[in-house]
Amino acid sequence: MMNETKYGKEEFIGALYERYAPEAKAYFEACLHNVMVAEDLTHDLFLRLFNIDILNEATAKGLIYTMAKRMVVDKARQQLHEQSAMRHYHEMNARNASLSDNVVDMLGQYEQGGLQNMTKRRVQIYLMYFREGKTAREISGLLHIEKRTVESHIYMSRQIMQRHLHNVV
């Protein structure tokens, strides 16, 4: 009969690994249907044996099987928890997406109301600057007007939009 005191802990755990690891791995594979997870759990199982102070071969076999069962239950609980968390995440993501779509629609309507208070040229410059991301220099080149004029239109359109949004809110 093999015993930890006779061989030393590393050799004893190594001998237990050689003897029981194939059975433990087969058990994990049968329960979890994943070879890689089964290998990881098998290694983890025998690493956990290092933390047990009093261990001999008579108690080790039962302990290995008991620990394996508990590890399968823990893994199943973990997977259920992960699935539940993913479901919750997707539900929240769907709610937020619809909420943010509504907010974007409302802001677009508010912006349209503010654009109605501007001249056609100012609306054109506003849209080029704020929606298309063009610079004042680019806009002046495209519309063949002075850069300072474009900057004035941008400033005035911003003032008009701020007043409009302030009145709406």
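# Exercises on an all-helix chain

T42 is buried, with a relative accessible area of 2%. The model used in these exercises is predicted.

**Exercise 1.** State where T42 sits and which residues it touches beyond its sequence neighbours.

Solution. Start with the element: T42 belongs to helix 3. Next, compare the relative accessible area of T42, 2%, with the cut-off for buried, which is under 20%. T42 therefore counts as buried. Finally, list the contacts, leaving out residues up to four places away in sequence: T42 touches Y17, A21, A24, K25 and F28.

**Exercise 2.** Describe the secondary structure and the overall burial of the protein chain.

Solution. Count the elements: there are seven helices and zero strands. Written along the sequence, the pattern is α-α-α-α-α-α-α. For burial, take the 169 residues of the protein chain; 28% of them are buried. The accessible surface of the chain is about 11800 Å², and carbon and sulfur atoms account for 54% of that area. For contacts, consider those with a separation of 6 or more: 57% of them join residues 24 or more positions apart.

**Exercise 3.** Find the largest nonpolar core and the helices that supply it.

Solution. The largest nonpolar core has 21 residues. Within this core, L16, F28, L45, F46, L49 and L55 have the most contacts. Then assign residues to elements: helix 2, helix 3 and helix 4 (57-115) each supply at least two. Helix 2 gives the most, with eight residues. A separate core of seven residues lies apart from this one, and M128, A136, I139 and I154 are among its members. As background, nonpolar side chains in soluble globular proteins tend to be buried together.

**Exercise 4.** Characterise the packing of helix 6 against helix 7.

Solution. Two values come first: the angle is about 115°, and the axes are 8 Å apart. The range for roughly perpendicular is 65 to 115 degrees, and the two helices are therefore roughly perpendicular to each other. The crossing of helix 6 and helix 7 is right-handed. On the helix 6 side the contact is made by A136, R137, I139 and S140, and on the helix 7 side by K147, V150, E151 and I154.

**Exercise 5.** Identify two non-glycine residues with a positive phi, and give the location and exposure of each.

Solution. Recall first that most residues other than glycine have a negative phi. One exception is H33, with a phi of about 55°. H33 is in the loop between helix 2 (9-32) and helix 3 (35-49), and its relative accessible area is 68%. Another is H144, with a phi of about 60°. H144 lies in the loop between helix 6 (136-143) and helix 7 (147-168), and its relative accessible area is 72%. The cut-off for exposed is over 50%; H33 is therefore exposed, and H144 is likewise exposed.

**Exercise 6.** Is L127 buried, partly exposed or exposed, and which residues does it contact?

Solution. Locate the residue: L127 is in helix 5 (residues 120-131). Its relative accessibility is 24%, which falls between the cut-offs of 20% and 50%. L127 therefore counts as partly exposed. Leaving aside neighbours within four places in sequence, L127 is in contact with L115 and E132. As a last step, take the pair L127 and I154: they are 27 residues apart along the chain, and their C-alpha atoms are separated by 9.6 Å.

How values were computed. Residues are numbered from 1 along each chain as its sequence is written. This is a predicted model: local features need pLDDT of at least 70, side-chain atom pairs count only at pLDDT 80 or more; totals for chains, interfaces and linings use all residues. Side-chain values use heavy atoms; hydrogens and water are left out. Helices (H or I, at least four residues) and strands (E, at least two) are DSSP runs, numbered from the N terminus. Buried means under 20% relative accessible area, exposed over 50%, partly exposed in between (1.4 Å probe, protein chains only). Contact means heavy atoms within 4.5 Å. Accessible areas come from the Shrake-Rupley method with a 1.4 Å probe; for residues, only the protein chains shown count as cover. A nonpolar core is a set of buried Ala, Val, Leu, Ile, Met, Phe, Trp, Tyr and Cys residues joined through side-chain atoms within 4.5 Å. Axes are lines fitted to C-alpha atoms, for helices over the stretch in contact, and angles run from 0 to 180 degrees between N-to-C directions. Angles under 35 degrees count as roughly parallel, over 145 as roughly antiparallel, 65 to 115 as roughly perpendicular and the rest as oblique. A crossing is left-handed if the near helix is turned anticlockwise from the far one by less than a right angle, and right-handed if clockwise.
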